[in-house]
Every structure is written in C-alpha cells, then in structure tokens.
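Biologist: I'd like to go through this one label by label. Could you show me the chain, and then tell me what stands behind each word you use?

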Amino acid sequence: MTGTAERREAPKESVAVRPGARWERTAPEHGAADGGRGGRTAGGGPRQSHRALWVEEPARRHPLPDPVRAAAVRAVLVIAVTLIQAMVAFLCTLAGSWLAFPMVISGVASTVVATWAAVDVWVTRQVWNQRYGVVSEPSSTARALRRERRARRREERTAEREQERIRRRGGAGQLSHP
C-alpha cells in the first residue's frame with residue numbers, strides 16, 4: 001500500500017492519460033512541504049504538475065440551432081411538470097384525498113401538452129434543416145442546388161475570361177467582324 005507521499009513521487013509514465021488531456025501547473029496542494037513557494041518538494045526535486053479540472057474538447061457534432069434548442073428546453077420543462085403532476089395524482093389517489101380527481105384531469109391535459117411539445121421539437125428541427133441546413137445525405141436538395149450554383153458561376157467566370165482574352169488580342173481569333 002502506498003501513501004500519499006509515495007504517490008506524489010510516482011513517475012508520470014505510470015499514469016494513464018487520455019489523448020488530448022493537458023497538464024498544467026496549479027496552485028500548491030493543501031499541506032505542501034514548501035508552503036507553496038519555490039515549486040519543489042521536501043526532497044528537493046521539482047513538483048509534478050497536475051491535470052486541470054476542466055479540459056476543453058472539440059465538439060463531435062454541431063450544437064443545436066437556437067429555435068430547436070428553445071423548443072427542446074420547453075419540451076423538457078413541460079414533460080417534467082407532467083411527471084410531477086402524475087406523481088402527485090398517484091399519491092393523492094393512494095391517500096384518498098379530494099385533490100386526486102383534479103390532479104388526474106390536469107395530468108391528462110398535461111400529457112396532451114407534453115406530447116405536443118415533443119412533436120414541436122421534431123417539427124422545429126425539420127423546418128430548420130429544410131430552410132438552413134444541408135442534410136448529410138447524397139439526395140440533399142440544398143447540396144444539389146449549391147453544386148449547380150457553383151457550376152454555373154464557374155462557367156460564367158470561364159466565359160468572362162475567354163471574352164477578356166479575345167478583347168486583349170484585339171479581336172484576333174474571331175471568324176468574322178461585324
């Protein structure tokens with residue numbers, strides 16, 4: 001069994017580190033031998049740095065667009081209230097309280113609203129993707145339109161360069177002059 005002092009002196013190679021994790025110097029630990037001055041341990045060797053508490057990692061996916069995020073937050077809140085109402089209705093029913101019947105009725109209405117909120121998230125996401133997003137599928141309409149637009153611009157630039165080249169030559173290369 002190793003104590004705290006022995007673990008502090010353990011080599012860094014023995015510690016498994018995730019790829020991309022950063023090691024930074026931090027404030028001295030509570031009870032450090034040097035009182036936080038000089039950056040050395042009691043044995044005279046340099047103090048090992050510690051891994052930061054918060055390591056920024058790149059996102060795997062893009063964040064949700066604002067309208068979709070707002071709809072999702074609304075849905076989560078409505079569903080949470082619905083679950084609380086269902087629990088209160090259940091407990092009131094077990095207790096034989098007069099509040100059981102109104103809570104069951106409001107729970108049914110709240111279930112309808114929660115279903116609407118969940119469908120609203122899905123519809124908002126679909127509308128946003130249709131208006132602004134390129135769905136990662138080969139059959140994406142937006143991607144095909146962008147490809148056509150790029151090809152059209154490329155052809156226009158090529159035609160303009162050709163016309164400019166003919167003008168610079170002074171009309172040479174034309175079969176007939178008007």
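Biologist: Why does Phe90 count as partly exposed?

Modeller: This is a predicted model, and Phe90 comes out at 49% relative accessibility. Exposed would need over 50% and buried under 20%, so Phe90 counts as partly exposed. Phe90 sits in helix α2, residues 66-95.

Biologist: What makes the nonpolar surface patch there?

Modeller: Met87, Phe90, Leu91 and Leu94 make it, with about 440 Å² between them. A patch residue needs over 30% relative accessible area, and Phe90 has 49%, so Phe90 passes that test.

Biologist: Before we zoom in further, what does the secondary structure of the chain come to?

Modeller: Four helices and two strands. Starting at the N terminus, the order is α-β-β-α-α-α. The accessible surface is about 15,100 Å², and carbon and sulfur atoms hold 60% of that. Of the 178 residues in the chain, 15% are buried.

Biologist: How do you know that the span of α2 agrees with what a helix should give?

Modeller: At 1.5 Å a residue, the 30 residues of α2 should span 44 Å, and the end C-alpha atoms are 44 Å apart, so the two agree. After α2 comes Gly96, with a positive phi near 75°.

Biologist: Which residues of α2 are buried, and what do they pack against?

Modeller: The buried ones are Val68, Ala71, Ala75, Thr82, Gln85, Ala89 and Cys92. They pack against α3.

Biologist: Why is Gln85 called buried?

Modeller: Gln85 has a relative accessible area of 19%. The cut-off for buried is under 20%, so Gln85 is buried.

Biologist: And what makes the link between Gln85 and Ser110 a polar contact?

Modeller: Their side chains come to 3.1 Å, and the limit is 3.5 Å, so the pair qualifies as a polar contact. Leaving aside neighbours within four places in sequence, Gln85 is in contact with Met103, Ser106, Gly107 and Ser110.

Biologist: On to charges. How many salt bridges are there?

Modeller: Four by the rule used here. One of them joins Arg69 to Asp66, with the closest N and O atoms 2.8 Å apart.

Biologist: What makes that pair of Arg69 and Asp66 a salt bridge?

Modeller: The nitrogen has to be within 4 Å of the carboxyl oxygen. Arg69 and Asp66 are at 2.8 Å, so they form a salt bridge. Both residues lie in helix α2, three residues apart, about one turn of the helix.

Biologist: Why do residues three or four places apart in an α-helix point the same way?

Modeller: Because an α-helix has 3.6 residues a turn.

Biologist: Are Arg69 and Asp66 buried or exposed?

Modeller: Arg69 has 38%, which makes it partly exposed. Asp66 has 56% and is exposed, because the line for exposed is over 50%.

Biologist: How do you know that Asp120 and Arg74 tie together parts apart in sequence?

Modeller: Their side chains meet in a salt bridge, 3.1 Å from N to O. Asp120 lies in helix α3, residues 100-132, and Arg74 in helix α2, so the pair ties together parts 46 residues apart in sequence. Asp120 is buried, at 17%, while Arg74 is partly exposed, at 42%.

Biologist: What about Arg165 and Glu162: why is that called a salt bridge?

Modeller: Their side chains meet at 2.1 Å, N to O. With a limit of 4 Å, that counts as a salt bridge. Both lie in helix α4, residues 141-169, three residues apart, about one turn of the helix. Arg165 is partly exposed at 30%, and Glu162 is partly exposed at 35%.

Biologist: Why is Trp116 called exposed?

Modeller: Trp116 has a relative accessible area of 55%. Exposed means over 50%, so Trp116 is exposed. Trp116 lies in helix α3. From C-alpha to C-alpha, Trp116 and Ala75 are 8.4 Å apart in space, with their positions 41 residues apart in sequence.

Biologist: Last one: how much of the contacts in the chain comes from residues 24 or more positions apart?

Modeller: They account for 54% of the contacts with a separation of 6 or more.

Key: Residues are numbered from 1 along each chain as its sequence is written. This is a predicted model: local features need pLDDT of at least 70, side-chain atom pairs count only at pLDDT 80 or more; totals for chains, interfaces and linings use all residues. Side-chain values use heavy atoms; hydrogens and water are left out. Patches are made of residues with over 30% relative accessible area and no salt bridge: like charges are joined within 9 Å, nonpolar side chains (Val, Leu, Ile, Met, Phe, Trp, Tyr) within 5 Å. Accessible areas come from the Shrake-Rupley method with a 1.4 Å probe; for residues, only the protein chains shown count as cover. Buried means under 20% relative accessible area, exposed over 50%, partly exposed in between (1.4 Å probe, protein chains only). A polar contact is a pair of N or O atoms within 3.5 Å; within protein, one must be able to donate a hydrogen and the other to accept it, and residues adjacent in sequence count only if both atoms are side-chain atoms. Contact means heavy atoms within 4.5 Å. The expected span of a helix is 1.5 Å times one less than its number of residues.
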